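These are my notebook entries on one protein chain. I wrote down what I looked up, in the order I looked.

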Amino acid sequence: MLKPRQDLVPNTFEFETTALVKPTGFREYDARWILDKEINLLGIQALGLAVATFVHEQGVQPRIVVGHDFRSYSSTVKHALIIGLMEGGMEVLDVGLALSPMAYFGQFALEAPCVAMVTASHNENGWTGVKMGTNPPVTFGPEEIGRLKEIVLSGAGVPRPGGRIERVENFRERYLQEVVGDIKLTRPLKVVCACGNGTAGAFAPEALRRMGAEVIEMDTELDYTFPKYNPNPEDHAMLMQMAQRVRETGADLALGFDGDGDRCGVVDDTGEEIFADKIGLLLARDLSALHPNATFVVDVKSTGLYKTDEVLAANGATTVYWKTGHSYIKRKTAELGALAGFEKSGHFFLADPIGRGYDDGIVAAAAVLRMLDRNPGKKLSELKRALPDAWTSLTMSPHCDDELKYDVLAKVVAEYEALAAEGGSIVGRKIVEVITVNGARVHLEDGSWVLVRASSNKPELVVVVESMRSEDDMRALFREEVKPRLARHPEVGAYNQEI
C-alpha cells in the first residue's frame, strides 16, 4: 500500500492511480470527506484496507457488516471500501441500502463484530464518510480513529488472503421487524413522518404504520438532490416545515429523521419543536417510573434540568453529563450500564430492555409513541408544559477551518476559565463553574449556561445557550456574550443559523 497524497486534483493521471486522503477527514468518532476534493476512490480503498488491518491488530473476528446511504455516489464509495476490506482479508456482509442503525443491527443479527456504514448523515451533498465499530453497540472513538489515520497516511495497510463478500438479501424486512417488535399502540395517534428525502423515507413510514400510527408522509420520496433542505431535524428549516404540516393536518406530533436514520426530531401537537434534550427528559421521566434507580447519560449541549428535575429525583434516577458525540455518549451509556443516553442533536441510545444501546431514530420515535400511549389523556404539549421552565437555543455553528478550530477553542476556554477565576459574570450573573470536558460549558448562578465547543465532523464551532429566566434572556446570552466573544477571533466566520 503506497502512502496517500494530499495534493491531487481530479482529471489527472495521478488522481486515477494514487490514493488521495486529506488527514482532516479523520474526525473524533467517524470519518468524513468531500469526495474528489479531499478523498478519491483509491483513498476510500486505502481506508478499507486500514480498517481490515486494524481489525487484525485487535484480534477481532474479521467479519464486517457494510451498508450505504441514499446519495448518488454512496454505492460507488461502498464498493471501493469493500475492495479495500477484502484486500485486507475481511469477510464482508453487504446489507445494501441501509440506515446506520440497520447496519448496527446487522452486527447482532448476522453475528459480525465489525461494521462500516458509508454515510455523510445530514451533511450537504458532496460529503461522504464512514461510521465504524468493532465492538457492538460501541462505535469508534478518538483512539481507534487515530490508529486508522496512522495506518492510512503511512501506507501501513497489510494485504491478507481470505477476503470474500456476501450479499444479504431483504435485510430491510429483518430490521423493520426488529424496530417494530411487539409495539401496538392502543390510542389513535396521527403522526407526521418527515424524512427530508433522505434514506429514512424507505424505512420510517412503514415502521410507524406497523406500530399502529396513522402516518402522514412528508418528503419521504428518496431524492439524493435533497430538493428542499438537508435531512437534518436539528435545523430550523426542516423543523419549520414539520411544524407547518402538524398545524395543517391536526396531527398529534411530527417525527423527523436525519439522512442516515440514527437521529429523531420532534414537533408537538401545537406545532412547537421540542429539542431532543427536552424529549430525552420526558422519556427519562417516563422510563424512570418503569425502571426505578435508572442511570441516564446526556451530552454537554443538553438542558441543565436533568440535574434538578423532581420527577427524576423521586424515581431515584441518576444523570451523568458527558462529551457531545454519538460515539462518546454511546460508549458512556454502555460503560455505566445506563438505561438510556440522550444527545441534543437527536441521537437517542436506548439500552436493554428498550433497545440494543446504539442510536436509532426509529427506536427513539417508538419510545416517544409508547410514552404517549402510556398517557392516553395527555397531549405531547401537555407533557412538555409539565417540565420546569428553561429556554434553550438552537444549535448554532459558526464556520472555523478544521486546521484552526481547536486552537481557537482553546483560547476561548482559557478566556472563560480566567473570567471565572476573577469572579467574573456574564449578562449580570456570576460564573459558578466552567465544565471543560468538551469545550467550555459556563454555568451561571441562576442555572443558565452557555456552551462553546468544536464540531467533531465539520469545519465549525458549536454554540448553545440556555436561560432559566426567559426567551429574551436566552437571546441576550448569545447576542451580548457568546457572539461578540467569538467575533474577536478572526478565524471564526458566518453562522449556519442564529437566534
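**Disulfides.** I searched the whole structure, which is a predicted model, and found 0 disulfides. I then looked up Cys193, whose closest cysteine sulfur belongs to Cys195. The two sulfur atoms are 3.9 Å apart. A disulfide needs the sulfur atoms within 2.5 Å, so this distance is too far for a bond. I also noted that Cys193 is buried, because its relative accessibility is 0%. Cys400 counts as buried as well, with a relative accessible area of 0%.

**Strands S7 and S8.** Next I looked up strand S7, which covers residues 190-194. Strand S7 runs parallel to strand S8, residues 214-218, and 5 bridges join them. Between the two strands the chain passes through helix H7, residues 204-211. I recorded this β-α-β crossover as right-handed. For one position in the pairing, I noted that Lys190 stands opposite Glu214 in S8.

**Aromatic rings.** How many aromatic pairs does a search of the whole structure find? I got 13. I took Tyr306 and Phe342 as my example, with ring centres 6.3 Å apart and planes at 25 degrees. Planes under 30 degrees apart count as stacked, so I entered this pair as stacked. Tyr306 lies in helix H10 (residues 305-308), while Phe342 lies in strand S14 (residues 340-342). The pair therefore ties together parts that are 36 residues apart in sequence. Are these two residues buried or exposed? Tyr306 is buried, because its relative accessible area is 3%. Phe342 is buried too, at 0% relative accessibility. I also wrote down one aromatic cluster, formed by Phe105, Phe171, Tyr175 and Phe203.

**Ala243.** I found Ala243 in helix H8, which covers residues 236-249. Its relative accessibility is 0%, so I listed Ala243 as buried. Which residues does Ala243 touch, not counting those up to four places away in sequence? They are Val267 and Gly271. Ala243 and Val267 are 24 residues apart in sequence, and their C-alpha atoms are 6.1 Å apart in space.

**Ser381.** I located Ser381 in helix H14, residues 380-385. Ser381 counts as buried because its relative accessibility is 3%. I left aside its neighbours within four places in sequence and looked up the remaining contacts. Ser381 is in contact with Asp268, Asp269 and Thr270.

**Domains in the record.** I then turned to the UniProt record, an unreviewed entry. The record lists "domain: Alpha-D-phosphohexomutase alpha/beta/alpha" at residues 25-152, 171-271 and 277-388. I looked up two of these spans in the model. Residues 25-152 are 41% helix and 23% strand, and the end C-alpha atoms are 11 Å apart. Residues 277-388 are 47% helix and 14% strand, with end C-alpha atoms 13 Å apart. UniProt also places "domain: Alpha-D-phosphohexomutase C-terminal" at residues 413-481, again from an unreviewed entry. For residues 413-481 I noted 29% helix and 39% strand. The end C-alpha atoms of residues 413-481 are 14 Å apart.

Definitions and conventions. Residues numbered from 1 in each chain as written. Predicted model: local features only at pLDDT ≥ 70, side-chain atom pairs only at ≥ 80, totals over all residues. Heavy atoms only, no water. Helix = DSSP H or I, 4+ residues; strand = E, 2+ residues; numbered from the N terminus. Buried < 20%, exposed > 50% of the residue type's maximum accessible area, 1.4 Å probe, protein only. Contact = heavy atoms within 4.5 Å. UniProt positions renumbered as here; feature names shortened; annotations may be inferred. Pairing = 2+ DSSP bridges. Right-handed = clockwise from strand over helix to strand, strands pointing away. Phe/Tyr/Trp six-rings, centres within 6.5 Å; stacked < 30°, edge-to-face > 60°.
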